[in-house]
Amino acid sequence: MNWLSHIGKQASRLASLELFRYIGPGFFVTVGFIDPGNWVTNVAAGSQFGYQLLWVVTLSTVILIVVQHNAAHLGIVTGLCLSEAASKFFKPWLRVLMLGSAMVACVATALAELLGAAIGLNMLTGLPLLLGALCSALFSAWMLFSKNYQRLEKWIMGFVSLIGLAFVFEIWLADVSWVQTFTGWVTPSFPVGALPVIMGVLGAVVMPHNIFLHSEVIQSRQWNVHGDDVIRKQLKYEFLDTLTGMGAGWAINSAMIIMAAAVFFKGGIVVNELPQVTITLAPVFGKASAVVFALGLLFAGLSSSVTAAMAGGSVFAGIFSEPFDINDPHSRVGLGITLVGALAVIMLLADPFKGILWSQIALSLQLPLTIIPLILLTSSKAVMGSYANKPYGAAVLWITGLVVIGLNLALLIDMAR
């Protein structure tokens with residue numbers, strides 16, 4: 001009986017080890033889910049509108065899970081990333097529109113990441129923002145070219161997660177209105193003047209570059225060449241990976257809004273710069289809260305700027321029907337466009353906080369140009385074969401796409417008034 005029990009334990013251990021072979025890309029993408037852009041939009045949402053915009057995080061996370069799983073679905077089945085598939089199956093005009101706008105989205109993403117890292121450096125050393133952004137860009141490029149990022153990734157993710165978990169922990173210390181919190185999570189509300197912030201939160205959660213990056217990370221493993229059994233197994237484990245990673249991101253983003261509502265909105269404090277957020281960390285970290293926040297912001301900016309540059313390299317390489325490869329000239333050009341483009345825009349910004357917020361709004365405006373082509377690809381039997389989206393799955397995806405388009409139209413109408 002003891003022998004059988006031992007065998008059972010060993011089998012369980014092997015099963016869990018096998019699971020971890022398939023888990024990873026979703027958590028890798030989650031780095032971009034708690035980046036400086038999220039910090040800015042969440043603080044803006046909570047400090048200006050209290051708990052009323054928590055529903056945006058819930059909706060955005062649901063959209064994110066659906067879209068990211070679909071992007072991974074494409075990579076697993078075809079062995080192509082999204083940009084490669086677009087180049088292979090779309091007409092030139094659609095390919096240029098989709099991938100050209102995606103490159104702009106990668107630049108907008110890198111802008112927020114580099115600015116966040118620069119603000120962290122400024123808080124720690126007093127280094128001017130532009131110089132800090134330049135140092136951050138050079139460091140991110142070095143991490144990619146030297147291939148050192150994979151060695152540091154777990155440490156960076158661990159520290160960023162520590163800051164995120166600190167926000168989650170603090171909601172138990174703060175004077176939080178749980179009735180308003182639960183209502184805010186499930187009740188759509190559009191307060192006057194909130195639409196730009198709503199779209200900023202949406203763009204910060206459902207980030208176009210992450211959709212491209214997820215399919216790139218998945219396709220690099222080339223599970224499609226191992227047959228149907230491996231493909232089916234990977235589709236199952238990948239959904240668990242995506243669901244778990246995005247669920248953690250939902251909790252952290254929600255906690256940021258809740259803390260901003262409990263500390264800033266309740267106190268009538270208008271937040272117009274990131275260093276003010278250190279107030280919310282004081283109950284956990286005390287006098288060291290400013291240093292901890294600055295380090296978290298720095299590492300969040302550095303880690304996510306690397307993923308933004310990787311996405312830029314993937315998109316640009318995909319234009320030439322190639323996967324991301326740091327040794328390939330097309331991938332390097334895409335990486336350079338992303339980082340140099342972001343630095344060029346940063347030089348023109350007068351207000352870093354608003355610059356980050358509007359960069360996230362730009363991401364939301366690009367989303368339909370990524371989501372709709374993705375749906376077309378994964379619903380096509382010519383592309384996916386027997387793994388093409390079934391009618392029910394396609395309907396869910398189209399509803400998701402129409403929701404994003406509707407919110408963007410509402411924002412454009414609101415801005416035109």
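Leaving aside neighbours within four places in sequence, which residues is Ser254 in contact with? The partners are Leu54, Val57 and Trp185, where contact means heavy atoms within 4.5 Å. Keep in mind that this is a predicted model, so local features need pLDDT of at least 70 and side-chain atom pairs count only at pLDDT 80 or more, while totals for chains, interfaces and linings use all residues. Residues are numbered from 1 along each chain as its sequence is written, and side-chain values use heavy atoms, with hydrogens and water left out.

**The chain overall**

- There are 18 helices and zero strands in the chain; both are DSSP runs numbered from the N terminus, with helices being H or I over at least four residues and strands E over at least two.
- The chain runs to 417 residues, and 56% of them count as buried. Buried means under 20% relative accessible area, exposed means over 50%, and partly exposed is in between (1.4 Å probe, protein chains only).
- Take the contacts between residues at least 6 apart in sequence: 83% of them join residues at least 24 apart.

**Ser254 and the α4/α9 packing**

- Back to Ser254: its home is helix α12, residues 228-267. With 2% relative accessibility, Ser254 counts as buried.
- Helix α4 covers residues 54-78, and α4 packs against helix α9 (residues 178-186) at an angle of about 45°, with the axes 6 Å apart. That angle makes α4 oblique to α9.
- A word on the geometry: axes are lines fitted to C-alpha atoms, for helices over the stretch in contact, and angles run from 0 to 180 degrees between N-to-C directions. Under 35 degrees counts as roughly parallel, over 145 as roughly antiparallel, 65 to 115 as roughly perpendicular, and the rest as oblique.
- The crossing of α4 and α9 is right-handed, meaning the near helix is turned clockwise from the far one by less than a right angle; anticlockwise would be left-handed.
- On the α4 side the contact uses Leu54, Trp55 and Thr58, and on the α9 side Thr181, Gly184 and Trp185.
- Sorted by class, that contact of α4 with α9 has three nonpolar, three polar and no charged residues. Here Ala, Val, Leu, Ile, Met, Phe, Trp, Tyr, Cys and Pro count as nonpolar, Asp, Glu, Lys and Arg as charged, and the others, Gly among them, as polar.

**The α5/α6 pair**

- Helix α5 (residues 82-89) and α6 have axes that come within 8 Å and cross at roughly 160°. The two helices are therefore roughly antiparallel to each other.
- This crossing of α5 and α6 is left-handed.
- From α5, Leu82, Ser83, Ala86 and Ser87 meet Arg95, Met98 and Leu99 of α6. The residues of this contact divide into four nonpolar, two polar and one charged.

**Core and covered helix**

- The largest nonpolar core has 112 residues, and those touching the most other members are Leu53, Leu74, Leu82, Leu114, Ile198, Ile211 and Leu274. Such a core is a set of buried Ala, Val, Leu, Ile, Met, Phe, Trp, Tyr and Cys residues joined through side-chain atoms within 4.5 Å.
- Helix α6 (residues 92-125) gives this core its largest share, 14 residues.
- Helix α10 (residues 195-205) is mostly covered, with 11 of its 11 residues buried. Its buried residues include Ile198, Met199 and Gly200.
- What covers those buried residues of α10 includes α3 (36-49), α4, α16 (352-378) and α18 (391-416).
- Ile198 touches Leu53, Trp55, Val56, Ser189 and Phe190, not counting residues up to four places away in sequence.

**Individual residues to look at**

- Cys106 sits in helix α6 and is buried, at 1% relative accessible area. Pro208 is 102 residues away from Cys106 in sequence but 7.7 Å away in space, C-alpha to C-alpha.
- Not counting residues up to four places away in sequence, Cys106 touches His209, Ala308, Ala311, Gly312, Val315 and Thr338.
- Ser321 is not a glycine, yet has a positive phi of about 60°. Ser321 lies in the loop between α14 (289-319) and α15 (329-348) and is partly exposed, with a relative accessible area of 45%.
- Leu376 is in helix α16 and is partly exposed, with a relative accessible area of 40%. Leu376 touches Phe90 and Trp398, again not counting residues up to four places away in sequence.
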